[in-house]
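Trainee: I am new to this structure and would like a close look at a single part of it. Could you take me slowly through the salt bridges and then show me what else is worth finding?

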Amino acid sequence: MSSPFFNKKKENPKLAKRGKNTAALKRKGDGDSGGKSKLRAKKHNSEHNEEISSDSETEGPVVPRKRQSNEDYDYDETPQEKKLRLAKRYLEQLKEEEEDKAEEDFFETDLIAGRLQEDVLEQKGKLQRLIAKDLIPPDASEIRVLRGHKLPITCLVISADDKYIYSAAKDCSIIKWDFESGKKLHTIPGGRKGTEDRHVGHTAHILCMAISSDGKYLATGDMNKLIMIWEAETCKHLYKFTGHKGPVSGLSFRRGTHDLYSASHDRSVKVWNVDENAYVETLFGHQDAITGLDSLSRELCVTAGGRDHSVRVWKIAEESQLVFHGHEGSIDCIQLINEEHMITGGDDGSVSLWSVNKKRPLSTVKKAHGCHGDAGLEQPHWVASVAALQNSDTVASGSHNSQVQLWKCGQNYRKLEPLFSVPVSGFVNSLKFSSSGQFLVAGVGQEHRLGRWWRIKEARNGIYIIPLKRKLPNPEEATITE
């Protein structure tokens with residue numbers, strides 16, 4: 001007896017066959033659609049995982065080469081490798097920054113060391129900038145002439161910033177000039193003899209002047225034994241110093257201070273404090289009228305003693321002096337080159353170079369400006385003025401032979417060599433270099449500043465501004481230097 005629970009249902013042969021074929025087709029299609037199914041699987045997995053992989057280049061969307069390489073690099077790099085790479089990059093950046101900083105520090109240190117070395121040499125009086133070898137004579141058309149004084153100019157000074165020139169003359173007047181334009185900014189007129197009580201200014205020939213290093217005070221000295229102090233900016237009269245018993249022939253401010261040194265034909269040197277409007281002390285020693293005085297930043301000054309044939313270095317604090325001899329005639333002018341070297345000129349026609357450590361000149365050039373007079377009776381041209389470009393190897397001298405002569409100081413100031421001359425007609429009574437070394441300014445007159453021994457009628461009283469031109473650097477030399 002047959003039960004439906006135990007009877008197996010018979011399959012339809014057609015359906016069975018169809019089922020076999022379908023299974024076969026499924027197995028066959030597995031190989032063909034493997035890539036698609038894998039791609040679907042990867043797409044499904046990509047929703048859950050940030051990392052995307054590919055079995056072959058043909059599968060997946062086309063990615064640009066650069067972007068693809070970055071993705072491969074990111075995928076291949078482990079967190080530890082990434083940390084190591086970033087650490088290396090940071091260390092390299094630090095190294096580069098430190099190298100750049102070290103180069104800058106070295107450059108700054110080098111500059112500072114050079115400046116400090118210059119300062120030390122300057123204080124010791126041994127600094128010598130070699131400028132003379134590059135100077136060339138200017139053309140006559142490049143020399144500017146400023147005219148305003150009626151009588152011969154006796155002295156002039158230039159402000160420390162090279163903006164102004166102050167000049168004085170035998171007409172007792174003082175003029176402040178603009179260096180750049182050559183225009184008069186202020187004029188202090190001179191007064192007639194006998195009007196001293198009511199005239200604000202000089203009533204006798206002005207022989208010397210000085211300006212403080214900060215440009216605050218201007219000092220002038222005259223034949224009436226007076227020293228007058230002016231406000232340099234406005235040319236306003238401030239003080240009048242009396243005390244000398246002869247014409248005031250030399251004035252100089254100590255650099256960086258308002259201490260004023262004065263020299264006179266009464267053979268004395270006096271010290272004044274301009275800030276306090278006070279007299280400090282008097283020093284004696286010269287045996288004849290003092291004709292010139294100069295000072296720098298040390299507490300000392302140097303003087304030329306005229307016909308006592310001596311140059312003296314005054315140590316103010318110690319109240320002592322050093323005496324030097326060398327010229328055969330009257331020593332009429334003196335100028336410090338640095339703290340330990342100076343230049344002098346005299347009526348014997350010679351220019352001498354000195355060291356404060358030697359009692360005799362290091363070098364002397366006789367008949368520096370030639371001679372004049374009849375045959376057999378020739379006399380040297382008097383050297384009326386000298387100037388020095390401070391802390392350099394360049395000096396200048398002036399006479400009445402219609403020329404300003406420039407000189408080169410040899411190594412360690414051992415000798416003087418002529419550089420070139422600049423034509424200037426008349427007595428060159430005063431010479432000053434600008435602080436920058438770009439110009440030489442000459443005060444010229446028809447007569448000598450100290451008297452009327454000669455008169456050059458064709459000369460004109462004026463200020464000559466002489467440009468100091470320099471050679472253009474040679475590219476070949478520059479290459480060799482580098």
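**The salt bridges around one glutamate**

Mentor: Let us start with Arg 455, which forms a salt bridge with Glu 447, the closest N and O atoms being 2.9 Å apart. Please keep in mind throughout that the model is a predicted one. Glu 447 has another partner as well, since its side chain also meets that of Lys 170 in a salt bridge, with 3.1 Å from N to O. This second pair links distant parts of the chain, for Glu 447 sits in the loop between β30 (439-445) and β31, while Lys 170 sits in the loop between β4 (164-169) and β5 (174-178), and the two are 277 residues apart. Taken together, Lys 170, Glu 447 and Arg 455 are linked in a network of salt bridges.

It helps to ask how far each member of this network is covered by the rest of the protein. Glu 447 has a relative accessible area of 5%, and because buried means under 20%, Glu 447 counts as buried. Lys 170 is buried too, with a relative accessible area of 5%. Arg 455, by contrast, has a relative accessible area of 47% and is therefore described as partly exposed. When you turn the model, then, you can look for a network that joins the buried residues Glu 447 and Lys 170 to the partly exposed Arg 455.

By the rule used here, the count for the structure comes to 9 salt bridges. Another of them is formed by Lys 415 with Glu 417, whose closest N and O atoms are 3.2 Å apart. Here Lys 415 counts as partly exposed at 44% relative accessibility, and Glu 417 is also partly exposed, with a relative accessible area of 27%.

From the loop that holds Glu 447 you can move on to β31, the strand that borders it. Strand β31 covers residues 462-467 and contains Ile 466, a residue that counts as buried at 0% relative accessibility. The C-alpha atoms of Ile 466 and Phe 433 are separated by 9.5 Å, although these residues lie 33 positions apart along the chain.

A further place to visit is the cavity, since a search of the whole structure finds 1 cavity of 30 Å³ or more. About 30 Å³ of space lies in this largest cavity, and its lining consists of Glu 196, His 199, Gly 201, His 202, Thr 203, Asp 222, Asn 224, Leu 226, Met 228 and Lys 240. Those lining residues divide into 2 nonpolar, 5 polar and 3 charged. Asp 222, one of the lining residues, also leads you to Val 248, for the two are 26 residues apart in sequence and 5.5 Å apart in space, C-alpha to C-alpha. Val 248 is placed in strand β11 (residues 248-253) and is buried, with a relative accessible area of 0%.

Finally, turn to the surface, where Tyr 90, Leu 91 and Leu 94 make a nonpolar patch of about 310 Å². Leu 91 is found in helix α4, which covers residues 79-124. Its relative accessibility is 54%, and because exposed means over 50%, Leu 91 counts as exposed. You can set this leucine beside Ile 466, which is buried at 0%, and then return to Glu 447, the residue that meets Lys 170 and Arg 455 in salt bridges.

Definitions and conventions. Residues are numbered from 1 along each chain as its sequence is written. This is a predicted model: local features need pLDDT of at least 70, side-chain atom pairs count only at pLDDT 80 or more; totals for chains, interfaces and linings use all residues. Side-chain values use heavy atoms; hydrogens and water are left out. On a 1 Å grid over the protein atoms alone, a cavity is a set of points where a 1.4 Å probe fits but cannot get out, and a pocket is an open set with protein on both sides within 12 Å along at least five of seven lines; lining residues have an atom within 4 Å of a point. Grid points are joined across faces, edges and corners, and a volume is the space filled by probe spheres set on the points. Ala, Val, Leu, Ile, Met, Phe, Trp, Tyr, Cys and Pro count as nonpolar, Asp, Glu, Lys and Arg as charged, and the others, Gly among them, as polar. Patches are made of residues with over 30% relative accessible area and no salt bridge: like charges are joined within 9 Å, nonpolar side chains (Val, Leu, Ile, Met, Phe, Trp, Tyr) within 5 Å. Accessible areas come from the Shrake-Rupley method with a 1.4 Å probe; for residues, only the protein chains shown count as cover. A salt bridge is a side-chain nitrogen of Lys or Arg within 4 Å of a carboxyl oxygen of Asp or Glu. Helices (H or I, at least four residues) and strands (E, at least two) are DSSP runs, numbered from the N terminus. Buried means under 20% relative accessible area, exposed over 50%, partly exposed in between (1.4 Å probe, protein chains only).
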